Amino acid sequence: MSITAAIMVGILMGIVFGFALEKSRVFEPGMIVGQMQLRNFIMLKVFLSAVATGAVVLAVLNGFGFVKLQPKATLYAADLVGGLLLGAGIALSGACPGTTLAQVGVGYKDALFTLLGGLFGAVAFSYMQPWLDRELIGSGPKLIFTDLAGLSYWQGALSLAGILIIALFLLERARSWRNELGNNLDGDSRLESRHLLAAQIELRVTRKQL
């Protein structure tokens with residue numbers, strides 16, 4: 001694939017991803033914080049759906065030889081620490097690297113500070129990476145999860161997609177997105193308490209009238 005074709009494909013995929021992100025409302029800070037608080041699971045469902053779809057697409061493309069896998073080094077400690085730092089940042093800012101751009105696009109002013117902080121962190125990491133690789137991160141083998149299971153990539157990818165589809169079905173049965181997609185998505189548990197208090201007051205007034 002030429003560079004021009006790769007750029008065009010990337011732009012097309014970005015448009016599709018942005019459209020799906022906006023329609024699912026996953027970019028909204030309240031939706032993100034609600035997921036981090038385990039108060040709604042719409043964000044998890046969308047991301048797991050993306051992983052399942054990506055696994056199927058990569059399985060097909062790799063199986064027919066259109067793309068080659070380029071695994072990165074396996075660094076469990078670095079992944080664990082980095083994941084915790086990223087999760088803490090998402091919970092505090094109500095945004096993740098992808099959704100920050102969507103928030104800027106729809107007019108969230110505080111997202112500009114999140115974007116600037118992310119750019120600053122990326123630049124700082126680029127300068128610190130040689131030292132981090134040498135002193136803390138180190139190096140590891142380049143593994144794919146199918147290597148550990150002794151399967152070909154397409155078999156493992158399709159198996160993963162099937163497991164995720166089943167998990168999504170069960171999660172949707174337990175927590176329907178129609179019930180979770182409402183006004184109480186600002187990530188503030190006090191809002192739910194206020195709604196409960198208002199309902200209790202209304203009930204008392206009704207009892208007195210009777």
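## Helix H2 and its neighbours

Let's start in the middle of things: the buried residues of H2 pack against helix H1 (3-24), H3, helix H4 (76-93) and helix H5 (97-106). Keep in mind as you look around that this is a predicted model.

How much of H2 is covered? Seven of its eight residues are buried, so you can call this helix mostly covered, with buried meaning under 20% relative accessible area. The buried ones are Pro29, Gly30, Met31, Ile32, Val33, Gly34 and Gln35. After H2 comes Leu38, which has a positive phi, near 60°.

## Two nonpolar cores

Some of those H2 residues turn up again in the largest nonpolar core. That core has nine residues: Leu21, Val26, Phe27, Met31, Ile32, Ile42, Met43, Ile90 and Cys96. Helix H2 (29-36) supplies at least two of them, and so does H3. If you want to trace some packing yourself, try Cys96: leaving aside residues up to four places away in sequence, Cys96 touches Ile32 and Ile90.

There is also another core, lying apart from that one. This second core has eight residues, including Ala52, Ile144, Ala157 and Ala161. As a rule of thumb, nonpolar side chains in soluble globular proteins tend to be buried together.

## Nonpolar residues on the outside

Now for the surface. Here Val56, Val60, Phe64, Phe66, Trp154 and Leu158 form a nonpolar patch, and together they have about 640 Å² of accessible area. Which helices each supply at least two residues of the patch? They are helix H3 (42-63) and helix H8 (153-174).

Trp154 sits in helix H8. Its relative accessibility is 45%, so Trp154 counts as partly exposed.

Over in helix H4 you'll find Leu92. Is Leu92 buried or exposed? Leu92 counts as exposed because its relative accessibility is 78%. Its C-alpha atom is 8.0 Å from that of Val33, although the two residues are 59 apart along the chain. Val33, remember, is one of the buried residues of H2.

## How far to trust the picture

The mean pLDDT of the protein is 81, with 86% of its residues at 70 or more. Among the elements, H8 has the highest mean pLDDT, at 91, while helix H10 (residues 189-209) has the lowest, at 56. Over residues 186-193 the pLDDT is below 50, and this stretch has twelve contacts in the model beyond near neighbours in sequence. Where pLDDT is low, the predicted coordinates shouldn't be read in detail.

How values were computed. Residues are numbered from 1 along each chain as its sequence is written. This is a predicted model: local features need pLDDT of at least 70, side-chain atom pairs count only at pLDDT 80 or more; totals for chains, interfaces and linings use all residues. Side-chain values use heavy atoms; hydrogens and water are left out. Patches are made of residues with over 30% relative accessible area and no salt bridge: like charges are joined within 9 Å, nonpolar side chains (Val, Leu, Ile, Met, Phe, Trp, Tyr) within 5 Å. Accessible areas come from the Shrake-Rupley method with a 1.4 Å probe; for residues, only the protein chains shown count as cover. A salt bridge is a side-chain nitrogen of Lys or Arg within 4 Å of a carboxyl oxygen of Asp or Glu. Helices (H or I, at least four residues) and strands (E, at least two) are DSSP runs, numbered from the N terminus. Buried means under 20% relative accessible area, exposed over 50%, partly exposed in between (1.4 Å probe, protein chains only). pLDDT is the predictor's confidence in each residue, from 0 to 100. Contact means heavy atoms within 4.5 Å. A nonpolar core is a set of buried Ala, Val, Leu, Ile, Met, Phe, Trp, Tyr and Cys residues joined through side-chain atoms within 4.5 Å.
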